[in-house]
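Colleague: I should be grateful for a close look at one part of this model, explained for a first-year student. Please begin with the chain as a whole and then turn to the packing of a pair of its helices.

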Amino acid sequence: MSWFVINLLNGVSYGMVLFLIASGMSIVLGAMGITNLAHGAFYMVGAFVGWTVAVKLGATLGLGILAGGLAAGLVGLAMERGLLRHLYKQPNEQVLLTFGFVYILSNVCLWVWGGWPRMPFTAKFLTGSFEIMGRAYPKARIAIILFGLILGVGLWWLQDRTRMGAIVRAGMDDKETTMGLGINLELAFAVIFFISSFIAGAAGVIGAQLLGVRTDLGMEVLLLALIVIIVGGVGSIQGALLGGILIGVIDAFGKALFPQMAMFTMYLTMIIVLIVRPTGLLGRKI
Amino acid sequence: MVVANRRTDKNSIMTTVPYLAGALILAIIPLFLSRYGQGLMTRFLIFALFAMSYNVVFGYAGLLSLGHAAFFGAGGYAVALLKLHYNVDLFWITAPFGLLLATFVAALFGIVALRVTGIYFLLVTFALGQMLYSLAWNVKWLSSKGMQGITGINLPDLGIPGFSLDTTSFYYMVLICFIISCILLYRLVRSPFGLALVGIREDESRMEAVGYNVWLYKYTALVISGAFAGIAGVLFAYYNFFVSPNHLGIATSFLPMVMAIMGGLGTFLGPVIGAAVFIFVETFASIFLPQRWPLILGGLFVLTIMFAREGIGVYLWKIWEKVSHRYGIVEG
Amino acid sequence: MESLRVEGLSKQFGGVQAVNRVTFSVEVGDRVAIIGPNGAGKTTLLNLINGQLAATSGSIHFFGKDVTALPTYKRAHLGQARAFQIISLFQKLTVMDNVLLTLHGTRSSRFKMFRPIEGFTDVHNKAVQTLRTLGLWEKRNEPVSTLAYGEQRRLEIDLGLALEPKLLLLDEPSAGLTKEEGLEIIGVIKGLESSNTVLIVDHDMELVFEVAQRIIVLHYGEIIADGTPDEIESDKRVREIYMGLD
């Protein structure tokens with residue numbers, strides 16, 4: 001029983017990191033129609049900056065998360081304003097452009113921070129563990145679950161209860177009309193892209209506890225994000241949350257039960273979802 | 001993506017001259033090159049073929065795939081596995097096997113990936129490619145002892161008594177494979193099937209309405225393209241003497257995409273020119289700035305998309321058209 | 001002989017009943033127009049008949065064959081040709097390629113892989129003939145996007161006809177055209193052989209009353225009137241909800 005609970009907690013905490021990663025990418029895809037393949041690279045940039053602030057400079061984890069999010073947010077904003085904006089209505093060019101940035105950002109990080117992987121880190125007050133059903137369980141993982149839940153509620157509120165979310169939902173359905181109503185879609189898009197990149201960067205610092213900090217994270221995290229999106233469905237917070245937790249839990253039990261074939265449980269889930277429900281579990285028709 | 005237009009009734013001399021000239025140059029040039037240079041030329045031809053196969057899917061049919069290395073790698077792994085487990089070197093066995101394996105992988109991928117359309121196709125092909133990567137990484141049978149990937153591949157045995165390949169003759173063997181593939185691909189894109197792919201790229205629903213089974217065309221295009229990528233993979237294994245999980249995954253899938261886009265999508269020779277530019281830059285980067293190669297590659301790619309969307313090959317073609325008109329090679 | 005029979009056809013989008021238990025049939029050689037205010041479900045109905053949308057319930061028979069579940073391309077093979085509301089020619093492709101693609105679509109040559117497209121002489125000749133009749137031969141190597149809007153509309157309808165369809169579906173053939181171009185289209189439709197069966201959806205009353213022998217009026221997805229132009233013109237309910245708005 002405790003084996004089950006521990007693995008479930010592992011899965012849910014990993015799933016929350018996956019949710020953090022995928023939610024931002026899913027929002028941008030749903031609201032702006034842009035598949036941002038550099039999303040994982042933003043995560044990586046956030047992770048490195050966060051590591052510098054929280055570990056190297058010895059500040060708190062909170063400041064690290066803020067700095068990581070801000071760094072990634074600014075990189076994202078620069079990419080959207082400087083380049084992506086000019087490729088409006090050209091989804092192929094947009095997606096390819098963002099893919100070029102995976103290479104650019106990964107190599108820049110390698111240049112600045114060097115190739116050696118950083119150890120996972122977390123805040124001082126989160127080191128140590130709770131006792132759960134007679135087993136020690138790291139506090140940091142519980143913190144990740146809480147953090148994911150808070151962010152999930154926040155994003156859901158932003159999506160369904162605010163003017164911003166309404167603009168996004170309207171913009172998605174009919175860009176011309178939204179623009180005709182005098183809503184500044186350009187500004188809205190810039191804000192959405194910044195928020196999405198910020199979440200990615202912050203997730204890089206939060207997830208560092210589980211995934212560490214490496215220069216190959218950009219591609220790895222991208223892959224995880226898109227599996228979550230394919231499984232959960234595009235364009236909604238709920239989809240990213242469901243996809244993230246499902247994949248996290250399946251991965252945790254996969255690793256526990258078939259350590260040799262761990263990664264395949266994820267792919268298998270994805271393939272089954274694609275065959276049974278190509279739009280993803282909570283996705284709209286594409 | 002800006003894609004050049006097909007012309008249905010261009011003067012045949014004008015289109016043939018560059019092809020013949022190109023073939024001639026490719027046939028003569030190794031005589032003036034060192035073994036290193038010949039190796040580079042071999043690499044160029046292999047990647048040009050790989051990029052051309054990719055062009056069928058993305059350039060002609062408009063399917064943005066990020067998993068094309070799976071077929072390339074399948075061809076390569078077929079060669080490597082036959083060598084590793086059965087010590088088979090004979091080209092007439094390994095090549096068909098590689099071709100079949102790549103085609104088979106493409107046929108399976110297509111069933112899953114063509115469940116979705118548009119950008120989602122890219123996401124799914126990406127993930128499927130990474131699945132094979134991860135398979136090759138984790139399954140011991142798919143690696144030489146104590147490593148990730150398979151070594152110990154030699155130049156192929158052509159089964160001709162008293163003859164074994166060296167760098168130069170291997171180049172010519174690759175050249176022959178390349179030219180045969182070119183002819184087949186050229187016929188393909190000029191056929192009704194090829195034009196139908198372009199129609200699908202432009203407007204799927206109209207194609208359905210005038211009587212085309214769009215899914216079947218996409219699927220067939222993907223499988224055919226996978227077969228040619230497989231041939232490139234077979235040749236690559238012999239060129240490289242080593243295959244690794246990377247040759248199945250995203251790092252390799254990115255290459256034909258870069259080449260096809262840089263050279264000119266949806267044009268027949270664009271990917272070849274893209275491959276030439278790519279190998280050229282790669283070679284210089286590997287000498288002078290090996291650490292910064294991904295940065296250069298990414299930067300070049302971004303610049304192409306922002307500023308040279310038609311591709312370098314299309315610009316060259318336009319220059320050729322001007323020249324050929326001015327000197328009266330053809331009537332305008 | 002019956003060409004098309006639609007029975008109890010319905011289509012629901014979420015909670016919206018776009019087409020509601022529509023029943024009618026069309027005889028070979030009929031010229032039938034479907035009219036109705038915006039949002040009456042006209043284009044949806046055409047999409048159901050041609051297979052772009054799947055019906056929620058009801059059935060469609062085409063020359064006695066149940067086509068309700070057939071994909072669009074198979075309906076094309078059975079003899080349905082369609083011109084879309086928004087011109088759907090391949091804008092970036094040349095005029096010639098547009099013609100060739102359309103002509104090959106219902107022929108078995110469409111899947112041939114190793115013969116150049118020019119090598120299919122009968123199709124090629126037919127394409128040349130089509131272009132010459134339309135006066136577009138000189139522009140055969142220009143992208144379609146360079147043609148005038150009226151020329152494009154004309155080309156699209158003529159391509160539909162070049163397939164020698166058993167049923168021609170026209171979705172607002174005169175939309176966006178000038179008065180003269182509209183008249184030309186009317187001429188084209190009137191000039192069709194009497195064996196051609198045509199189903200037109202349009203707002204343009206002049207065109208509809210000019211070419212149709214029979215008019216079906218849709219309102220909120222339901223048929224509220226079905227008769228000759230004279231009958232429709234004098235129908236009180238139609239005048240109320242439709243003509244009144246015009």
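Modeller: The following account moves from the whole chain to a pair of helices, then to a single residue, and ends with a contact between chains.

The model is predicted, and every statement below should be read in that light. Chain A contains 11 helices and two strands. Their order along the sequence is α-α-α-α-β-β-α-α-α-α-α-α-α. The radius of gyration of chain A is 19 Å, close to the 19 Å given by the globule rule for 286 residues, so chain A is as compact as a globular protein of that length. Along the principal axes, the C-alpha trace of chain A spans about 60 × 45 × 35 Å. Of the 286 residues in chain A, 52% count as buried. Among contacts in chain A with a separation of 6 or more, 76% are between residues 24 or more positions apart.

We may now turn to the pair of helices. Two packed helices are described by the angle between their axes and by the distance between those axes. In chain A, helix 1 (residues 2–32) packs with helix 9 (residues 217–232) at an angle of about 75 degrees, and their axes are 9 Å apart. Angles of 65 to 115 degrees count as roughly perpendicular, and therefore helix 1 of chain A is roughly perpendicular to helix 9 of chain A. On the side of helix 1 of chain A, the contact is made by A:L18, A:I21, A:A22, A:M25 and A:S26. Helix 9 of chain A contributes A:V221, A:L224, A:A225, A:V228 and A:I229. By class, this contact of helix 1 with helix 9 in chain A has nine nonpolar residues, one polar residue and no charged residues.

A single residue offers another view of chain A. A:E93 lies in helix 4 (residues 91–113) of chain A. A:E93 counts as buried because it has 20 C-beta neighbours inside 10 Å. A:E93 and A:S129 are 36 residues apart in sequence, and their C-alpha atoms are 48 Å apart in space.

Finally, there is the contact between chain B and chain C. Chain B gives 24 residues to this contact and chain C gives 33. On the side of chain B that touches chain C, helix 6 (167–190), helix 7 (192–202) and helix 8 (204–209) of chain B each supply at least two residues. Helix 7 of chain B provides the largest share of that side, seven residues. The residues on that side of chain B divide into nine nonpolar, seven polar and eight charged.

Conventions: Residues numbered from 1 in each chain as written. Chains lettered and ligands numbered in written order. Predicted model: local features only at pLDDT ≥ 70, side-chain atom pairs only at ≥ 80, totals over all residues. Axes fitted to C-alpha atoms, helices over the stretch in contact; angles between N-to-C directions. Helix = DSSP H or I, 4+ residues; strand = E, 2+ residues; numbered from the N terminus. Parallel < 35°, antiparallel > 145°, perpendicular 65-115°, else oblique. Contact = placed C-beta atoms within 7 Å. Nonpolar A, V, L, I, M, F, W, Y, C, P; charged D, E, K, R; others polar. Rg over C-alpha atoms; globule rule 2.2 N^0.38 Å. Buried ≥ 20, exposed ≤ 12 C-beta atoms within 10 Å, placed from the backbone.
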